[in-house]
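Open your viewer and load the model. Keep the sequence panel visible, and select each item as you reach it.

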Amino acid sequence: MFGKLREKLKAFVKRVEENVEREEEEAKKKGLLDRLIQVEIKEKDVDEALDELELELLEADVALEVVDALREKIKERLVGKKVRIGTDKAKVIEEAVKEAVLEILRPEREVDLLEEIKKSEKPYVILFVGFNGSGKTTTIAKLAHWLKKNGLSVVIAASDTFRAGAIEQLEEHARRVGVRVIKHDYGADPAAVAYDAIQHAKARGIDVVLIDTAGRSETNRNLMDEMRKIARVTRPNLVIFVGDALAGNAIVEQARQFNEAVRIGGVILTKLDADARGGAALSISHVINAPILFVGVGQGYDDLRPFDEKWFIERIFGEAEA
Ligand SMILES: Nc1nc2c(ncn2[C@@H]2O[C@H](COP(=O)(O)OP(=O)(O)O)[C@@H](O)[C@H]2O)c(=O)[nH]1
Ligand SMILES: [Mg+2]
């Protein structure tokens, strides 16, 4: 997981460390070391290393604006920093990089989903959006399972009325996690299905409605228009964008599009168990200004992990192999 990002950031730390060590050597040669107890990290020690890092991050699927922001933040922290002679320079440099990454990841708004659901009027409605194959239906089953484990009742709206087999696939997942599905026939209006599910939940005091949607639309209707209509009819408490981490930078663009149509409040990234790069995870919340709520780390119903920045940082910089 995130192997590439890990490798590149570590390589950057090493390059800067070498430069700072060279500064120390030069000071020694000039006989300055007696009086010197610390070396200062200079702009030239980081600039070239940052140029290289920039390219590598783009290769690792980090979005351009995030690369720029990261560059600024790392530079801000490193240039002018004084490192005591004989201390572990790599550690000091790594700390600066970690802080910069944390700042990129930390959302402006934290969302505590269980808290929000508990304090909201019933039912709490979550609309799931994302392209075909991104993992929406699987993720809905996982989330339903997680919500049930946390003592909440759930109903699912089968609003993907377009893709062949979508309703049966959802019903099978729902059966396995023990949750009811509200459905119409294929070709039905997805907004009407979602509306019925909400009425059903209201009538029975169900806590949460999860709305599954199609990732592609009929040729005569635009996907974004369809999402707008569902949102208009159902007034969801939360719109979750589900993105396939393997699609890399493309999902950042997808999220941007959906975000313009229906304001995204949270992100779930799937298939992180197979993600070699990690750039999308680093980029997405910064770009659309919404937190990553969970990550999918496998195909089982328990393979949904609440996301937090510290866990991500540990995958990147920690001892545990990513
Ligand atoms: N390895 C892995 N596969 C996943 C994950 N989430 C979803 N998938 C798989 O991705 C495929 C598409 O998922 P689906 O839920 O049908 O996507 P949808 O079209 O957005 O509804 C399925 O084969 C899922 O099993 C995950 O976290 N890890
Ligand atoms: Mg689906």
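The tour below starts at the ligand, then visits strands and two single residues.

**Before you start**

This is a predicted model, where local features need pLDDT of at least 70, side-chain atom pairs count only at pLDDT 80 or more, and totals for chains, interfaces and linings use all residues. Residues are numbered from 1 along each chain as its sequence is written, chains are lettered from A and ligands numbered from 1 in the order in which they are written, and side-chain values use heavy atoms, leaving out hydrogens and water.

**Stop 1: ligand 1**

Select ligand 1 and show what is around it. A residue is near the ligand if one of its heavy atoms lies within 4 Å of it. The shell holds 17 residues. The closest are Gly133, Lys136, Thr138, Asp273 and Gln299.

Which helix gives the largest share of this shell? Helix H6 (residues 136-149) does, with four residues. Helices (H or I, at least four residues) and strands (E, at least two) are DSSP runs, numbered from the N terminus.

Colour the shell by class. You get two nonpolar, 11 polar and four charged residues. Ala, Val, Leu, Ile, Met, Phe, Trp, Tyr, Cys and Pro count as nonpolar; Asp, Glu, Lys and Arg count as charged; the others, Gly among them, count as polar.

Now look for polar contacts, which are pairs of N or O atoms within 3.5 Å; within protein, one must be able to donate a hydrogen and the other to accept it, and residues adjacent in sequence count only if both atoms are side-chain atoms. A backbone N or O atom of Lys136 sits 2.8 Å from a ligand 1 oxygen. For Lys271, a backbone N or O atom is 3.0 Å from an oxygen of ligand 1. Lys142 uses a polar side-chain atom instead, 3.3 Å from a ligand 1 oxygen. The protein covers 80% of the 580 Å² of accessible area that ligand 1 has on its own. Such areas come from the Shrake-Rupley method with a 1.4 Å probe; for residues, only the protein chains shown count as cover.

**Stop 2: strand S8**

Select residues 266-270, strand S8. Five of its five residues are buried. Buried means under 20% relative accessible area, exposed over 50%, partly exposed in between (1.4 Å probe, protein chains only).

In a regular strand the side chains alternate between the two faces of the sheet. On one side of S8 you find Gly266, Ile268 and Thr270; on the other, Val267 and Leu269.

Add strand S7 (residues 238-244), which pairs with S8 in the parallel sense over five bridges. Strands pair if DSSP finds at least two bridges between them. Gly243 stands opposite Leu269. Then add strand S9 (residues 292-296), parallel to S8 over three bridges. There, Ile292 is the bridge partner of Val267.

**Stop 3: strand S6**

Select residues 208-213, strand S6. How many of its six residues are buried? Six are. Strand S3 (residues 124-129) runs parallel to S6, joined by four bridges. Strand S4 (residues 154-159) is also parallel to S6, with six bridges. Click Leu210 in S6: Ile126 stands opposite, and so does Ile156.

**Stop 4: two single residues**

Find Thr234 in helix H9 (residues 223-234). Thr234 counts as buried because its relative accessibility is 6%. A polar atom of its side chain lies 2.7 Å from the backbone oxygen of Ile230.

Finish at Leu9 in helix H1 (residues 3-29). Leu9 counts as buried because its relative accessibility is 1%. Draw a line from its C-alpha atom to that of His200: the separation is 50 Å.
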